[in-house]
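Biologist: I'd like to learn how to read a model like this one step by step. Could you walk me through it, beginning with the space inside?

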Amino acid sequence: MTWCLTSGHIAHEDAFKIGVLHRDVSAGNIIIFLGHGLLIDWDLAKSVDSKGPRQIMCTGTWQFMSVELIYDRKAPHTFRDDLESTFYVLLWTAVMFASSSL
């Protein structure tokens with residue numbers, strides 16, 4: 001699963017280089033296709049240069065949203081927020097698929 005998450009992170013980084021934030025990085029938005037991880041569901045994507053509020057409602061899957069975006073509805077969505085979401089996806093995946101005697 002780690003290579004899938006790495007591919008999702010690479011897709012996010014490539015999008016940022018051309019000025020786009022995904023804004024909904026979550027476990028449900030990373031799929032495996034032909035052995036490679038793909039970041040999908042770009043409907044909430046926004047230009048990095050966009051100013052102003054995100055939307056009236058919070059954007060993204062709240063379980064994977066950054067702490068700042070959850071606590072401050074008016075905070076702008078930044079690269080760091082998507083990066084934090086990627087970390088939460090990695091953490092969630094590790095916990096869900098780790099061997100356990102529970």
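Modeller: Happy to! This is a predicted model, and a cavity here is a place where a 1.4 Å probe fits but cannot get out. Counting those of 30 Å³ or more gives 1 cavity.

Biologist: How much space lies in the largest cavity?

Modeller: About 40 Å³.

Biologist: And which residues line the largest cavity?

Modeller: Lining residues have an atom within 4 Å of a cavity point. For the largest cavity, they include Arg-23, Asp-24, Val-25, Thr-61, Phe-64 and Met-65. Further along the chain, Ser-66, Leu-69, His-77, Asp-82 and Ser-85 also belong to the lining. By type, the lining holds 4 nonpolar, 4 polar and 3 charged residues.

Biologist: Asp-24 catches my eye in that lining. Where is the place of Asp-24 in the fold?

Modeller: Asp-24 sits in the loop between β1 (20–21) and β2 (30–33). For a buried acid, a useful check is whether a salt bridge is present, with a side-chain nitrogen of Lys or Arg within 4 Å of a carboxyl oxygen. Asp-24 is buried and has no salt bridge. Its nearest side chain of opposite charge belongs to Arg-23, 9.1 Å away.

Biologist: With which side chain does the side chain of Asp-24 make a polar contact?

Modeller: That of Thr-61, at 2.9 Å. Thr-61 is also one of the residues lining the largest cavity.

Biologist: His-22 comes from the loop between β1 and β2 as well. Is His-22 buried or exposed?

Modeller: The cut-off for buried is under 20% relative accessible area. His-22 has 0%, so it counts as buried. Its side chain reaches two backbone atoms: the nitrogen of Asp-24 at 3.0 Å, and the oxygen of Ile-40 at 2.9 Å.

Biologist: How far apart in space are His-22 and Asp-82?

Modeller: Their C-alpha atoms are 7.2 Å apart, with their positions 60 residues apart in sequence. This is a good habit in reading a fold: set the separation along the chain beside the distance in space. Try it with Ile-30, which lies in strand β2 and is buried at 12% relative accessible area. The C-alpha atoms of Ile-30 and Ile-40 are separated by 6.1 Å, while the two residues are 10 apart along the chain.

Biologist: What does the same reading give for Asp-43 and Arg-23?

Modeller: These two are 20 residues apart along the chain, and 9.1 Å separates their C-alpha atoms. Asp-43 belongs to the loop between β3 and β4, and it counts as exposed because its relative accessibility is 59%.

Biologist: Next, backbone angles. Which residues should I look at for a positive phi?

Modeller: Look at residues that have a positive phi without being glycine. Leu-34 has a phi of about 55 degrees, and Asp-41 has one of about 65 degrees. Leu-34 is in the loop between β2 and β3 (36–39), whereas Asp-41 is in the loop between β3 and β4 (46–47). As for accessibility, Leu-34 is exposed at 70% relative accessible area, and Asp-41 is partly exposed at 34%.

Biologist: Stepping back, what pattern does the protein follow along the sequence?

Modeller: The order is α-β-β-β-β-α-α, made of 3 helices and 4 strands. Across the 102 residues of the protein, 31% are buried.

Note on methods
Residues are numbered from 1 along each chain as its sequence is written. This is a predicted model: local features need pLDDT of at least 70, side-chain atom pairs count only at pLDDT 80 or more; totals for chains, interfaces and linings use all residues. Side-chain values use heavy atoms; hydrogens and water are left out. On a 1 Å grid over the protein atoms alone, a cavity is a set of points where a 1.4 Å probe fits but cannot get out, and a pocket is an open set with protein on both sides within 12 Å along at least five of seven lines; lining residues have an atom within 4 Å of a point. Grid points are joined across faces, edges and corners, and a volume is the space filled by probe spheres set on the points. Ala, Val, Leu, Ile, Met, Phe, Trp, Tyr, Cys and Pro count as nonpolar, Asp, Glu, Lys and Arg as charged, and the others, Gly among them, as polar. Helices (H or I, at least four residues) and strands (E, at least two) are DSSP runs, numbered from the N terminus. Buried means under 20% relative accessible area, exposed over 50%, partly exposed in between (1.4 Å probe, protein chains only). Lys and Arg count as positive and Asp and Glu as negative; His and the chain ends are not counted. A polar contact is a pair of N or O atoms within 3.5 Å; within protein, one must be able to donate a hydrogen and the other to accept it, and residues adjacent in sequence count only if both atoms are side-chain atoms.
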